[in-house]
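Visitor: I am new to this structure. Please take me through how its helices are described.

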2 protein chains.
Amino acid sequence: MNLILLFDDDFFGGSRVRLTGRRLQHVTDVHRAAVGEELAAGAADGRIGRGTITRLDAEALEMDVVLDRDPPPPLPLTLILALPRPKVLNRVIAGAASLGIKRIVLLNAWRVEKSYWSSPRLSPDNLRAQSILGLEQARDTVLPSIETRRLFRPFVEDELPALAHGTRALVAHPRASEVCPRDVREPVTLVIGPEGGFIDAEIASLERAGFTAVSIGERILRVETAVPYLAARLY
Amino acid sequence: MNLILLFDDDFFGGSRVRLTGRRLQHVTDVHRAAVGEELAAGAADGRIGRGTITRLDAEALEMDVVLDRDPPPPLPLTLILALPRPKVLNRVIAGAASLGIKRIVLLNAWRVEKSYWSSPRLSPDNLRAQSILGLEQARDTVLPSIETRRLFRPFVEDELPALAHGTRALVAHPRASEVCPRDVREPVTLVIGPEGGFIDAEIASLERAGFTAVSIGERILRVETAVPYLAARLY
């Protein structure tokens with residue numbers, strides 16, 4: 001936790017906050033901070049700065065906060081992700097949030113196992129909790145929106161063209177002949193397939209929706225490796 | 001497993017292999033392959049190609065293999081990594097191997113918890129197993145060398161200058177004023193610190209050893225996100 005993310009309910013009396021639970025625990029156990037010390041803090045969807053600890057005991061952490069800077073700029077990348085295995089979903093979401101991705105759509109695909117859709121990790125509460133972990137890691141405050149779409153074709157045919165409008169529309173595909181561009185300096189909508197890849201009909205649908213299939217070379221990367229790799233390559 | 005990695009012991013009679021255990025299980029359960037089908041295969045530290053299944057039952061998978069192509073080129077990146085938490089070590093190693101990194105040194109640092117060094121995950125057998133998973137993912141065959149160094153200063157002062165000789169020597173450091181270069185087109189030795197970062201004295205040691213501290217911006221990334229991010233940025 002490189003920044004403590006603060007929510008409206010944490011504030012009392014303007015610039016004072018009182019924290020309990022996970023954040024109190026973390027500051028006590030990991031930061032091992034004391035009254036008078038400063039910690040990086042930021043308001044959810046707002047500015048970042050410092051909090052000076054005015055109380056720290058078993059019951060609560062209280063700070064006076066001064067939030068005087070903007071959070072790091074977002075990555076102009078919308079991520080459309082075939083729903084990953086539940087085992088990796090948490091770290092993919094936290095990783096994407098830490099990179100500054102602000103819109104994520106978790107999508108069905110032929111090679112996404114049906115059982116993944118009943119994972120409790122897909123609950124809005126869990127997705128939000130993982131996003132918060134990513135933001136705290138990267139000292140960002142702006143929560144990503146995370147949506148789910150259980151029907152591939154209606155999403156790709158009816159929603160995706162508008163969603164990708166005005167952006168460079170790419171689908172990462174190991175068998176594509178075109179090479180993934182670098183340092184694009186424009187917004188990108190990036191689609192990443194499931195383990196085993198999209199089937200040909202899915203690639204064809206995405207191409208009809210205006211997407212170009214691009215490859216990053218011979219290596220096939222796991223989704224948790226591919227997301228930061230592609231984020232760095234594109235920007 | 002996008003490629004089945006084969007070892008000397010697997011071969012009998014020239015180009016025939018017999019597999020049991022994990023690889024048999026994977027081909028049966030995940031690939032759901034049958035006799036006559038082809039699977040991507042490669043010889044450890046050798047070439048890649050295809051294996052035609054000649055037998056597949058509960059006891060063994062046998063294939064006739066033709067290995068006629070070189071594996072993907074390695075990434076000219078030597079990674080010096082402050083030993084990560086055991087919980088993430090496996091996926092950091094598998095991820096680095098999947099990216100084509102061929103030399104990894106796991107190093108002590110002030111903010112590496114001592115207990116990490118007694119993790120069973122640091123056994124050569126486990127590090128090798130994780131490397132194999134990464135290679136199978138990325139369809140590579142060349143195993144990385146993975147070393148451990150429990151003493152920071154002797155390593156940095158006595159070994160590191162020679163190890164980094166002829167390469168661009170960089171240490172990723174969130175507070176560095178210099179920006180991490182892109183697309184360097186030369187070999188790099190890259191040092192990545194522990195959670196919480198290197199302390200100033202460690203950065204000073206690395207600078208004396210010829211390393212330049214570079215930053216990737218305001219965001220602090222987890223090591224499992226930072227490694228692919230930096231690999232894509234540098235190459």
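Guide: A crossing is left-handed if the near helix is turned anticlockwise from the far one by less than a right angle, and right-handed if clockwise. The model here is predicted. In it, α2(B) passes α3(B) in a right-handed crossing.

Visitor: Why are α2(B) and α3(B) called oblique to each other?

Guide: The axes of α2(B), residues 86–99, and α3(B), residues 124–138, cross at roughly 45 degrees and come within 7 Å. Angles under 35 degrees count as roughly parallel and 65 to 115 as roughly perpendicular. The two helices are therefore oblique.

Visitor: Which residues of α2(B) and α3(B) meet?

Guide: Among them are Asn90(B), Ile93(B) and Ala94(B) in α2(B), and Leu127(B), Gln130(B) and Ser131(B) in α3(B). By class, the residues of this contact are 8 nonpolar, 7 polar and no charged.

Visitor: What makes α6(A) oblique to α6(B)?

Guide: Each of these helices spans residues 223–234 in its chain, and their axes come within 7 Å and cross at roughly 40 degrees. Under 35 degrees would count as roughly parallel. The crossing angle therefore makes α6(A) oblique to α6(B). The contact between α6(A) and α6(B) has 8 nonpolar, 2 polar and 4 charged residues.

Visitor: Which residues touch the most other members of the largest nonpolar core?

Guide: Leu190(A) and Leu190(B) do, in a core of 132 residues. Leaving out residues up to four places away in sequence, Leu190(B) touches Leu77(B), Leu79(B), Ile80(B), Leu170(B), Ala172(B) and Leu230(B).

Definitions and conventions
Residues numbered from 1 in each chain as written. Chains lettered and ligands numbered in written order. Predicted model: local features only at pLDDT ≥ 70, side-chain atom pairs only at ≥ 80, totals over all residues. Axes fitted to C-alpha atoms, helices over the stretch in contact; angles between N-to-C directions. Helix = DSSP H or I, 4+ residues; strand = E, 2+ residues; numbered from the N terminus. Parallel < 35°, antiparallel > 145°, perpendicular 65-115°, else oblique. Contact = placed C-beta atoms within 7 Å. Nonpolar A, V, L, I, M, F, W, Y, C, P; charged D, E, K, R; others polar. Core = buried A, V, L, I, M, F, W, Y, C linked by C-beta atoms within 7 Å. Buried ≥ 20, exposed ≤ 12 C-beta atoms within 10 Å, placed from the backbone.
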